[in-house]
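Subject: The structure I promised you

Hi,

Here is the structure we talked about, with its sequence. Have a look at it first, then read on for what turned up.

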Amino acid sequence: MKFIASLSATALLPLSRDVYYTLPDTALKQGGQPFFIPDKGHPCAIVACLAVRVCRQGRAIGERFAHRYYDGVACATHFVLQGLLSSCRREGLPWDEAVGFDGAVCLGRFVPVDEHLAAFSTEIKIQTQNDNVKTLRTSVHKDTLHRFIADASTHFTFHQGDVLLLASDVFAKSVDVEQDSHVCGTLNNDTLLSFNIK
């Protein structure tokens with residue numbers, strides 16, 4: 001199992017096209033266990049994602065067939081070590097350790113795909129120990145998801161159990177995390193994810 005994620009071309013990340021990258025299976029935080037901010041993880045940011053579960057093997061998948069290759073969706077969070085990421089990018093170094101460290105991805109419970117839905121909306125709420133609440137939202141239209149599948153599958157072979165991560169923007173739409181916070185995630189208003197940050 002692997003994670004396939006993307007960075008979109010934005011004003012903060014002036015790319016000529018979207019960039020796809022993979023995360024190892026060790027990036028998955030197990031169950032409802034708390035997320036521990038890494039020692040060198042300041043600042044550490046949380047990004048709201050839509051997670052999509054791949055259900056069959058495929059490569060170079062046509063966009064009109066993309067719906068056949070996933071069977072579940074969930075809300076997810078991706079933790080990014082922003083300081084380390086900026087440093088690696090500035091020095092032209094690989095940034096795996098900033099985005100793919102152990103426990104960097106927290107997945108909510110997968111639910112079956114509703115064929116009648118045109119879009120998936122995730123909302124991540126982070127409640128700090130001072131009872132301040134920060135909210136991150138991501139909305140992904142099915143057409144966007146199918147384009148992602150078609151494009152990403154030209155670079156990577158999909159295998160059953162792989163997880164696709166779609167986020168708005170790792171750089172622009174993220175929130176720095178604090179210790180002793182609680183995270184709650186919903187998908188189309190259904191709560192699927194809950195854990196603490198230590």
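Let's start with the rings: Phe 35, Phe 79, Phe 101 and Phe 195 form one aromatic cluster. Keep in mind while you browse that this is a predicted model.

How many aromatic pairs does the structure hold? The count comes to five. Try finding Tyr 20 and Phe 148, whose ring centres are 5.4 Å apart. Their planes meet at 70 degrees, and since anything over 60 counts as edge-to-face, that is what this pair is called. Tyr 20 belongs to strand 2 (residues 19-23) and Phe 148 to helix 3 (residues 142-152), so the pair ties together parts that are 128 residues apart in sequence. Are these two buried or exposed? Both Tyr 20 and Phe 148 are buried.

Now back to two members of the cluster. The rings of Phe 35 and Phe 101 have centres 6.4 Å apart and planes at 50 degrees, so this pair is tilted. Here, too, distant parts of the chain are linked: Phe 35 is in the loop between strand 3 (28-29) and strand 4 (44-54), while Phe 101 is in the loop between helix 2 (96-99) and strand 6 (105-107), 66 residues apart. Phe 35 is buried, and Phe 101 is buried as well.

Rings have charged company in this model too. Which ring does the charged end of Lys 29 sit over? It's the ring of Phe 195, with the charged end 4.6 Å from the ring centre. You'll also find the charged end of Arg 56 over the ring of Tyr 69, 5.0 Å from its centre.

Next, the sheet. Four strands make up an open sheet, ordered 9-8-12-13, with antiparallel pairing. At the edges are strand 9 (133-141) and strand 13 (190-197); each has a single partner strand, so one side of each is left without a neighbour in the sheet. From one strand to the next, the twist averages 15 degrees.

If you want to zoom in, go to strand 8 (residues 119-127), which pairs with strand 9 in the antiparallel sense over nine bridges. There you can spot Ile 126 standing opposite Lys 134 of strand 9. And what packs on the sheet? Helix 3 does, touching strand 8 and strand 9, and its direction makes about 75 degrees with that of strand 9. You've met this helix already: Phe 148 lies in it.

Happy browsing!

Notes. Residues numbered from 1 in each chain as written. Predicted model: local features only at pLDDT ≥ 70, side-chain atom pairs only at ≥ 80, totals over all residues. Heavy atoms only, no water. Phe/Tyr/Trp six-rings, centres within 6.5 Å; stacked < 30°, edge-to-face > 60°. Helix = DSSP H or I, 4+ residues; strand = E, 2+ residues; numbered from the N terminus. Buried < 20%, exposed > 50% of the residue type's maximum accessible area, 1.4 Å probe, protein only. Lys NZ or Arg CZ within 6 Å of the ring centre and 35° of its normal. Pairing = 2+ DSSP bridges. Axes fitted to C-alpha atoms, helices over the stretch in contact; angles between N-to-C directions. Contact = heavy atoms within 4.5 Å.
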